[in-house]
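Q: I am new to this structure. Please take a close look at its largest nonpolar core. Which residues in that core touch the most other members?

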Amino acid sequence: MDTLNVLFKPDALRRLRGDRSKAEMARAVGVTHQVYSNWEAGQIPGGDNVFRLVRLFGRAVLDDLFEIERTTPAATSAVSVDAQPAAA
């Protein structure tokens, strides 16, 4: 079964902020300064806050802020080993 890993890219958020202060961005998004600062430090925004970012920057922001990796487990072969000696 494939696994999807979602990677958050806080450097993209810093680029989106541009010349604005963190406090200005926090107000524009509708969160506290501390919450916004945590995102820039690498904390992943929760679902409601992702929607707030989309409202502010548009849907394309998702591609800027998140990367999705699909990993497929490598095929393995199982070998069964009988740990008990054979009965005589």
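A: The answer starts with the chain, then turns to the core.

This is a predicted model: local features need pLDDT of at least 70, side-chain atom pairs count only at pLDDT 80 or more, and totals for chains, interfaces and linings use all residues. Residues are numbered from 1 along each chain as its sequence is written, and side-chain values use heavy atoms, without hydrogens and water.

The chain has 5 helices and 2 strands. Both are DSSP runs numbered from the N terminus: helices are H or I with at least four residues, strands are E with at least two. Along the sequence the pattern is β-α-α-α-α-α-β. Of the 88 residues, 23% count as buried. Buried means under 20% relative accessible area, exposed over 50%, and partly exposed in between (1.4 Å probe, protein chains only).

Now the core. A nonpolar core is a set of buried Ala, Val, Leu, Ile, Met, Phe, Trp, Tyr and Cys residues joined through side-chain atoms within 4.5 Å. The largest one holds 14 residues. Phe 8, Leu 13, Val 31, Tyr 36, Trp 39, Leu 53 and Leu 65 touch the most other members. Two or more residues each come from helices H1 (10-17), H2 (22-29), H3 (33-40), H4 (47-57) and H5 (61-65). H2 gives the most, with 3 residues.

Take Tyr 36. Leaving aside neighbours within four places in sequence, Tyr 36 is in contact (heavy atoms within 4.5 Å) with Leu 13, Arg 17, Lys 22, Met 25, Ala 26 and Val 31.

For contrast, look at Ile 68 in strand E2 (residues 66-71). Ile 68 counts as exposed because its relative accessibility is 60%.
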